[in-house]
Every structure is written in C-alpha cells, then in structure tokens.
Amino acid sequence: IRNRDATSSRCGYTRHFLATEFGSEVGLVSIDILPEKEQFVIYELFVPTALRRRGIGTRLLAAAEMIARDLGYKSTLLVPKTLDKAFAQQALEEWYAGKGYMPLENSVNNAFVKQLA
C-alpha cells in the first residue's frame with residue numbers, strides 16, 4: 001500500500017489517506033479537492049487483492065464521500081480503472097454502479113458521477 005501511495009499522483013490539490021485496521025494498512029484513497037470544480041474528485045481507491053471482499057473499499061468510498069459532503073460538494077466524480085488484472089474493468093464499473101455511481105454523459109474518459117444527498 002505504501003508503494004501504491006508513493007507512486008500515485010501528486011499535485012497541489014491531491015490528498016492521500018491510508019486506511020488502517022487493527023494497526024495494519026488495508027487501503028488507500030486519493031482525492032483531488034479542486035475548489036473551482038463543482039464535483040469532488042476521487043482520484044484513486046486501492047485495496048490489495050488479498051484484502052478485498054471485506055468491505056474495506058466500501059468504507060473507503062463512504063469516507064471520501066463524507067469528506068465531499070463536509071466540504072459542501074453536491075456530487076463526486078471518478079474514473080473507474082482497474083489496477084489489478086484479476087479484477088475485470090466491467091466488474092469494477094459494476095461495483096461502483098452498485099454504490100450509486102452512474103456513467104457521466106458525454107465523458108471522454110468514461111467518468112462516473114454520484115449525486116450526494
């Protein structure tokens with residue numbers, strides 16, 4: 001996870017958060033807080049293969065969405081891109097759809113958006 005964090009995007013608006021459970025690192029979420037954008041951007045969500053299917057990704061996504069709400073954003077934006085050959089792109093997109101994300105119309109990079117309540 002630290003390696004993924006070290007190689008992930010770095011810009012003035014990007015923030016990285018390592019998730020831990022019982023003292024062990026279990027995931028990473030990177031967000032871009034762009035004040036001039038109407039959408040909150042979830043840049044990357046990563047859970048190692050061995051730790052998947054335990055709800056970690058769901059909790060990371062919910063935490064990122066909570067940050068978005070706290071900052072006053074009305075929607076979140078992300079571009080699903082699988083980082084693991086064992087996890088198909090379609091399965092990833094279906095996972096996000098199950099969390100309320102829908103493909104953004106006319107998106108050139110296949111972005112998904114979710115309206116926050």
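This is a chat about the sheet, one helix and the salt bridges of a predicted model.

User: Before we start, what kind of model is this, and what pLDDT do local features need?
Analyst: It's a predicted model: local features need pLDDT of at least 70, side-chain atom pairs count only at pLDDT 80 or more, and totals for chains, interfaces and linings use all residues. Residues are numbered from 1 along each chain as its sequence is written, and side-chain values use heavy atoms, with hydrogens and water left out.

User: OK, what's the strand order in the sheet?
Analyst: β1-β2-β3-β4-β6-β5, an open sheet of six strands with mixed pairing. Strands (E, at least two residues) and helices (H or I, at least four) are DSSP runs numbered from the N terminus, and two strands pair if DSSP finds at least two bridges between them.

User: Which ones are the edge strands?
Analyst: β1 (14–21) and β5 (102–103), each pairing on one side only. β5 is joined to β6 (residues 112–115) by two bridges, and they run antiparallel. P103 sits opposite F112 there.

User: And β4, how does that pair with β3?
Analyst: Parallel, through four bridges, with I42 opposite L78. With β6, β4 pairs in the antiparallel sense, over four bridges.

User: Which β4 residues are buried?
Analyst: S75 and L77 on one side, T76 and L78 on the other, so both faces are covered; buried means under 20% relative accessible area, exposed over 50%, partly exposed in between (1.4 Å probe, protein chains only).

User: Switching topic: what does helix α2 lie across?
Analyst: Helix α2 (residues 56–70) lies across β1, β2, β3, β4 and β6, at about 155 degrees to β3. Contact means heavy atoms within 4.5 Å; axes are lines fitted to C-alpha atoms, for helices over the stretch in contact, with angles from 0 to 180 degrees between N-to-C directions.

User: How many salt bridges are there in the whole structure?
Analyst: Three, a salt bridge being a side-chain nitrogen of Lys or Arg within 4 Å of a carboxyl oxygen of Asp or Glu. One of them is E21 with R59, closest N and O atoms 2.3 Å apart. That pair links β1 to α2, 38 residues apart.

User: What about R52, what does that meet?
Analyst: D84, at 2.7 Å, N to O. R52 is in the loop between β3 and α2 and D84 in the loop between β4 and α3, so the pair ties together parts 32 residues apart in sequence.

User: And K114, buried or exposed?
Analyst: Buried, and so is E65. K114 forms a salt bridge with E65, the closest N and O atoms being 3.2 Å apart.
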